[in-house]
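Visitor: Could you teach me how to read a protein model, one feature at a time?
Guide: Gladly; let us bring it up on the screen.

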Amino acid sequence: MTHEPRDDALAALLAPWLPGRRWFPVKGADARVSAVGGLSLRDPEDAAGSVEVRLLLLRAEGGGSGAVLQVPVVLRPGTAAGDGPGRPDGRGDDPAVVGHLPDGTAVLDAAGLPEFERAWLAAADRPADVDAVPAAALGVPRVISGEQSNTSVILPGAGPGGTTAMLKVFRGLSDGDNPDVDVPRALAASGWPHVPRPLAWMGAEWQDGDRTAHGHLGVLSAFVPGATDGFELACAMARRGESFGPLAEELGVVVGQMHRALARALPAPAPDVDAATAGAAATAGAAVADALVERYGWARGVVPQLDAFETQVEALAGRTRLLAEVPPRQRVHGDLHLGQVLRGDGTWYVLDFEGEPLAPVAQRTRPDLALRDAAGMLRSFDYAAAVGGGPQAWTEVARTAFLAGYSSQTQDLDPGTRAHLLRVLELDKALYEAVYEARNRPDWLPIPLHAVERLIG
């Protein structure tokens, strides 16, 4: 990517617009926005070259945090149709118009614009057996509302044979290949059928201080038509008093198979000689215990209601250190819950392997306990029941069924050890949720607090 003088003007223009975007990470603070660089693309349907698509990279800093963000814009010279002074703020009638540069160039939010989609698809890399789609075959793009970390766009006609595909535009960038590209590619290549296949992707290099960073800017994936978000489905069933058990058991089977597929497709580095000694299991147990204690200390600093559980947490951590068996760490999903799965075609699909977008890639891709994914899903049943008004019995049926399905695919661990580790990892997740809810949705704080009471009792 190159840094052009015009990028600085674009950064100044976009700075007051960015805090209104859900994916903008610097909340509640005066953000400083500067240009890192950008990449210009051409719309293949624009023979005259009158429109430019600029994938702009901006650095946003404030409140002790900072991130490199991708902001695709379309640049139109002069005044275009729908770009007139139809709004009091002078942004014209087109809601995509963010403003104008001093030379009159109109600057538009590109995410939902056909010019951007055509240019992106023409420039992207793709598997050898996936042909590029003619620009004229693309339908009208539709941006999915409500997403917080990235921007996803439904693209009719962008998939093989004119099928629909989904373009995810990564907003927060960090150095390293994005796991939401590499992990689905590896799983799809291994023949695992429960992940939408990546159809195209785009990478870039940019200057980060005195070094050059590399990462992915976006990925186009197959679209599952008619699919239902797993969390919305579970909430609706809880609301109707309908058991989620059969679907939860199927989901447990799929998650167990996913962990086996991940271990084969992306094997973790072999442990070093020291870790292979007889003390390895105890060391691993200590690491799990230490992580729980650290999480608890962090959480009680934000949520005073957690102070009362200090003795119980220390006791649970002490028993964890004594575990004689802890499974090896491997590649995992990293942020698995009902909102990361889809129900379509009579089965489950797993999505969003990106993990926490603002965390460094090295942290998001390091091996972890596969049971952490299972614990995340168990916590999600609590939320579905709370939102849907389901009784505790609804949750227990879903939990039991999910674990039955999961255990049928992963029978290499002592049942007692499995139950203990799940309890610790679920408690760890509930502590994280307590902090999140206290900061963002205080009305929901009782959901994780009740879980802490149950898990610690």
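Guide: Let us start with one pair of residues: T228 stands opposite R343 in strand 13. Before going on, please note that this is a predicted model, in which local features need pLDDT of at least 70, side-chain atom pairs count only at pLDDT 80 or more, and totals for chains, interfaces and linings use all residues. Residues are numbered from 1 along each chain as its sequence is written, and side-chain values use heavy atoms, with hydrogens and water left out.

Visitor: How do I read a sheet, and which strands does strand 13 pair with in the order of its sheet?
Guide: Strands of a sheet pair through backbone hydrogen bonds, either parallel or antiparallel. Here strands are DSSP runs of E with at least two residues, helices are runs of H or I with at least four, and both are numbered from the N terminus. Two strands pair if DSSP finds at least two bridges between them. Strand 13 belongs to an open sheet of three strands, ordered 12-13-14, with antiparallel pairing. Strand 12 (228–229) and strand 14 (347–350) are at the edges with a single partner strand each, so one side of each has no neighbour in the sheet. Strand 12 is joined to strand 13 (residues 341–344) by two bridges.

Visitor: What is the order of the sheet that has five strands?
Guide: That open sheet reads 6-7-8-11-10, and its pairing is antiparallel. Its edge strands, strand 6 (142–143) and strand 10 (198–208), each pair on one side only. Strand 8 pairs with strand 7 (residues 151–155) over five bridges. Along that pairing, I154 is opposite M166, and L155 has A165 as its bridge partner. Five bridges also join strand 8 to strand 11 (residues 211–222), where K168 faces V219.

Visitor: Why is strand 8 described as largely enclosed?
Guide: Buried means under 20% relative accessible area, exposed means over 50%, and partly exposed is in between, using a 1.4 Å probe and protein chains only. Five of the five residues of strand 8 (residues 165–169) are buried, so the rest of the structure largely encloses this strand. A165, L167 and V169 point one way, while M166 and K168 point the other way.

Visitor: How do I read a nonpolar core, and how many residues does the largest one have?
Guide: In soluble globular proteins, nonpolar side chains tend to be buried together. A nonpolar core is a set of buried Ala, Val, Leu, Ile, Met, Phe, Trp, Tyr and Cys residues joined through side-chain atoms within 4.5 Å. The largest one in this model has 68 residues, and F244, L306, L338, F381 and F402 have the most contacts inside it. Helix 11 (residues 415–440) gives the most to this core, namely nine residues. A second, separate core has 40 residues, including V68, L121, A124 and L199.

Visitor: Which residues does F381 touch?
Guide: Contact means heavy atoms within 4.5 Å. Not counting residues up to four places away in sequence, F381 touches F244, A248, L338, W394, T395, A398, R399 and F402.

Visitor: Is R418 buried or exposed?
Guide: R418 is buried, with a relative accessible area of 9%. This residue lies in helix 11. Leaving aside neighbours within four places in sequence, R418 is in contact with L371, Y406, S407, T410, Q411, D412 and L413.

Visitor: How do I read empty space, and how many cavities are counted?
Guide: Rolling a probe the size of a water molecule over the atoms shows where empty space is left. On a 1 Å grid over the protein atoms alone, a cavity is a set of points where a 1.4 Å probe fits but cannot get out, and lining residues have an atom within 4 Å of a point. Grid points are joined across faces, edges and corners, and a volume is the space filled by probe spheres set on the points. The count comes to two cavities of 30 Å³ or more. The largest cavity has a volume of about 50 Å³. Its lining has 11 residues, with G172, L173, S174, N178 and H216 nearest the centre.

Visitor: Which residues line the second largest cavity?
Guide: The lining consists of V288, A291, L292, R372, V424, L425 and D428. About 30 Å³ of space lies in this second largest cavity. Helix 6 (280–300) and helix 11 each give two or more residues to its lining. V288 lies in helix 6 and counts as buried at 5% relative accessibility.

Key:
1 Å grid on protein atoms, 1.4 Å probe; cavity = no way out; pocket = protein on both sides within 12 Å on 5 of 7 lines; lining within 4 Å.
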